[in-house]
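Below are some short notes for someone opening this entry for the first time. They are meant to be read with the structure on screen.

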Amino acid sequence: MSDDADGRPGSDGEHDLQERFGTKARALAFYDGSVSDRLNDVMTAFVRERIMFFLSTADGDGNTDCSPRIGPRGFVTVLDDRHLAYPEFRGNGVQASLGNIHENPHATFLFVDWWDTTVGLHVNGRATLHDEVDGAHDPTDVNRTKTWVELEIEEAYIHCAKHVPRLSIEEFDPPWGTDDPSAKRTGFFADVD
C-alpha cells in the first residue's frame with residue numbers, strides 16, 4: 001500500500017470506489033483519525049488480551065486463505081510498536097497459511113474482542129517465518145510450536161463494533177497442538193454414505 005496524490009493510503013481500487021460511491025471525504029477522515037503505521041498503547045493492550053485472531057494471507061498468484069489462530073491470552077507477543085509474533089502450532093500439515101507467507105509476505109492479523117467491546121483491530125504488514133524470535137513467548141509450554149510468524153506492521157486500524165455480535169466463553173482449555181482426531185473433529189465435513 002502506498003499513499004496516492006491526496007495522501008490516502010490504500011489501493012488504487014479502493015480509491016476508485018471511494019470516488020464512485022462518493023465516500024472520499026469519509027475515507028480521508030478515517031485515514032486521518034484511525035489508521036496508524038504502528039501500534040499505540042491502547043492497541044498493544046488490546047492485542048495482549050486476545051485469545052484469537054484471523055490470519056489472512058495470499059499466495060504468489062493472489063489466491064487467498066483466512067484461518068483463525070487461537071491460543072491462551074498472550075500467545076501473540078507484542079515485540080515493539082512495529083512488530084508482532086506468534087507461535088504457529090502443529091495443525092493439519094497442509095501449511096496453507098505458511099506456504100502463502102513463504103510466497104507472498106503480505107498478511108493481515110484481525111483481532112476481535114467478541115466478549116466486551118466487540119471492537120476489532122486490523123494489523124497489516126509483512127510476515128516472515130522463523131525458528132525462534134527474540135522476546136517472543138509461547139504460553140502453552142507444550143513444545144508443539146513448529147515455527148514462529150513475525151509481522152512487521154505497516155498499518156493498524158479499528159474495525160468498528162456496530163455489526164459484531166457479543167459472544168461468551170464458558171470453558172476454554174484445549175489440548176494445544178494435539179493430533180487426536182476426536183479432539184480435532186477432523187472428519188466433521190466428510191461425506192457420509
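1. The model is a predicted one. A good place to begin is its largest nonpolar core, which has 23 residues. Leu39, Leu84, Phe109, Phe111, Leu121 and Val123 are the residues with the most contacts inside this core.

2. Several elements feed the core. At least two residues each come from the helices α3 (41–49) and α4 (96–103), and likewise from the strands β1 (52–58), β4 (83–89), β5 (106–112), β6 (120–130) and β7 (145–159). The most is given by β7, with 4 residues.

3. Val123 is worth selecting on its own. Leaving aside neighbours within four places in sequence, Val123 is in contact with Leu39, Leu84, Phe109 and Phe111, among others. Its contacts also include Ala107 and Thr108, as well as Leu151, Ile153, Glu155 and Ala156.

4. Next, the aromatic rings. The whole structure contains 7 aromatic pairs. One of them, Phe53 with Phe75, is stacked, with 6.0 Å from centre to centre and 25 degrees between the planes. This pair links distant parts of the chain, its members being 22 residues apart: Phe53 sits in strand β1, and Phe75 in the loop between β2 (64–70) and β3 (77–80).

5. Are Phe53 and Phe75 buried or exposed? Phe53 has a relative accessible area of 1%, so it is buried. Phe75 also counts as buried, because its relative accessibility is 1%. Ring pairs join Phe53 and Phe75 with Tyr86, Phe109 and Phe111 in a cluster. Phe109 and Phe111 have already appeared among the core residues with the most contacts.

6. His83 lies in strand β4. With a relative accessible area of 21%, His83 is partly exposed, because the buried class is reserved for values under 20%. Not counting residues up to four places away in sequence, His83 touches Thr77, Val78, Glu150, Leu151, Glu152 and Ile153. The C-alpha atom of His83 is 9.6 Å from that of Ala127, although the two residues are 44 apart along the chain.

7. Last, a helix pair. How do α1 (residues 12–21) and α2 (residues 24–34) cross? Their axes come within 8 Å and make an angle of roughly 135 degrees, which means that α1 is oblique to α2. On the α1 side the contact is made by Glu14, His15, Gln18 and Glu19, and on the α2 side by Lys24, Ala27 and Tyr31. Sorted by class, this contact has 3 charged, 2 polar and 2 nonpolar residues.

How values were computed: Residues are numbered from 1 along each chain as its sequence is written. This is a predicted model: local features need pLDDT of at least 70, side-chain atom pairs count only at pLDDT 80 or more; totals for chains, interfaces and linings use all residues. Side-chain values use heavy atoms; hydrogens and water are left out. Axes are lines fitted to C-alpha atoms, for helices over the stretch in contact, and angles run from 0 to 180 degrees between N-to-C directions. Angles under 35 degrees count as roughly parallel, over 145 as roughly antiparallel, 65 to 115 as roughly perpendicular and the rest as oblique. Contact means heavy atoms within 4.5 Å. Ala, Val, Leu, Ile, Met, Phe, Trp, Tyr, Cys and Pro count as nonpolar, Asp, Glu, Lys and Arg as charged, and the others, Gly among them, as polar. A nonpolar core is a set of buried Ala, Val, Leu, Ile, Met, Phe, Trp, Tyr and Cys residues joined through side-chain atoms within 4.5 Å. Buried means under 20% relative accessible area, exposed over 50%, partly exposed in between (1.4 Å probe, protein chains only). Rings of Phe, Tyr and Trp (its six-membered ring) pair if their centres lie within 6.5 Å; planes under 30 degrees apart count as stacked, over 60 as edge-to-face and the rest as tilted.
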